[in-house]
Amino acid sequence: MGTTNSGHGALAGLDVFIGGPVQHTILPNGSAGHLQDAISTAIRTVRAADGNVFSAHAVEEFSAKTAAITPDQVSVRDYRWMRKCDVFVPVLPLLPDRTLHRTDATHVELGWATAMGRPVVLVTTQPFVESASHLLKGLHRIGAVHAIDFDEFTDSPGLLVTAVLEATRQQREAVGARISA
């Protein structure tokens, strides 16, 4: 379920699917703190700019309700969001050992986004860490992938709005949207 905004902020009229690790971040005391902070920041930033957010993290309350949702429901919901969204924003943090958090679902979603021609604004450490797959590192060769460094994003969340506007510029111009930068 998304959140509809009717304001006139920089992202008004845009559907933004924010993704990232869920299943492999569930800890006995809740979700991984740094991941929850980053995704919460992304959600707040997009909403503050009047973008419409689709987020499993928000719907599942950062893993508090994940067990109550079936794989069928998650697959159908996330695929529908990908078909509807204007841009996909996966947040891919690092573990303390400086490897990427495991996130099978987010990588499936990256495939969907690329296959559907959705622009991607990837929030992860730049340059990519060694543990990132070749497919992730080379995704920009087949899709419209913009990257924001994870630490720069956490220091300056407004970078996300700028990146989403840039990633969606051509489609906004093509449909005559009056969304200002």
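This passage describes the overall make-up, the nonpolar cores, two buried residues and one pocket of a predicted model.

The protein contains seven helices and eight strands, and 46% of its 181 residues count as buried. When contacts between residues at least 6 apart in sequence are considered, 77% of them join residues that are at least 24 apart.

The largest nonpolar core comprises 28 residues, and those with the most contacts inside it are Leu11, Val16, Ile18, Val89, Val121, Leu160 and Val164. Two or more residues are given to this core by each of the strands β2 (15–19), β6 (87–92) and β7 (120–124), and likewise by the helices α1 (33–48), α6 (150–155) and α7 (158–174). A second core, separate from this one, has 18 residues, among them Phe54, Cys85, Leu122 and Val129. With residues up to four places away in sequence left out of the count, Leu11 of the largest core touches Val46, Ala49, Asp50 and Gly51, as well as Val161, Val164 and Leu165. Val164 thus appears both among the residues touched by Leu11 and among those with the most contacts inside the core.

Two buried residues, Glu60 and Ser40, may be described individually. Glu60 is placed in the loop that runs between α2 (56–59) and α3 (71–84), and it counts as buried because its relative accessible area is 3%, where the cut-off is under 20%. The side chain of Glu60 is joined to that of Arg77 by a polar contact of 2.8 Å. Beyond residues up to four places away in sequence, Glu60 touches Val22, Lys65, Thr66, Ile69 and Val74, in addition to Arg77. Ser40, by comparison, is found in helix α1, and with a relative accessible area of 17% it is also under the 20% cut-off and therefore buried. Its C-alpha atom is separated by 9.9 Å from that of Ser55, a residue 15 positions apart from Ser40 along the chain.

The second largest pocket has a volume of about 150 Å³, and its lining is made up of His107, Leu110, Gly111, Ser133, Leu135, Leu136, Gly138, Leu139 and Ile142. Helices α4 (104–116) and α5 (134–138) are the elements that give two or more residues to this lining. By residue class, the lining of the second largest pocket divides into five nonpolar and four polar residues, with no charged residue present.

Conventions:
Residues are numbered from 1 along each chain as its sequence is written. This is a predicted model: local features need pLDDT of at least 70, side-chain atom pairs count only at pLDDT 80 or more; totals for chains, interfaces and linings use all residues. Side-chain values use heavy atoms; hydrogens and water are left out. On a 1 Å grid over the protein atoms alone, a cavity is a set of points where a 1.4 Å probe fits but cannot get out, and a pocket is an open set with protein on both sides within 12 Å along at least five of seven lines; lining residues have an atom within 4 Å of a point. Grid points are joined across faces, edges and corners, and a volume is the space filled by probe spheres set on the points. Helices (H or I, at least four residues) and strands (E, at least two) are DSSP runs, numbered from the N terminus. Ala, Val, Leu, Ile, Met, Phe, Trp, Tyr, Cys and Pro count as nonpolar, Asp, Glu, Lys and Arg as charged, and the others, Gly among them, as polar. A nonpolar core is a set of buried Ala, Val, Leu, Ile, Met, Phe, Trp, Tyr and Cys residues joined through side-chain atoms within 4.5 Å. Buried means under 20% relative accessible area, exposed over 50%, partly exposed in between (1.4 Å probe, protein chains only). Contact means heavy atoms within 4.5 Å. A polar contact is a pair of N or O atoms within 3.5 Å; within protein, one must be able to donate a hydrogen and the other to accept it, and residues adjacent in sequence count only if both atoms are side-chain atoms.
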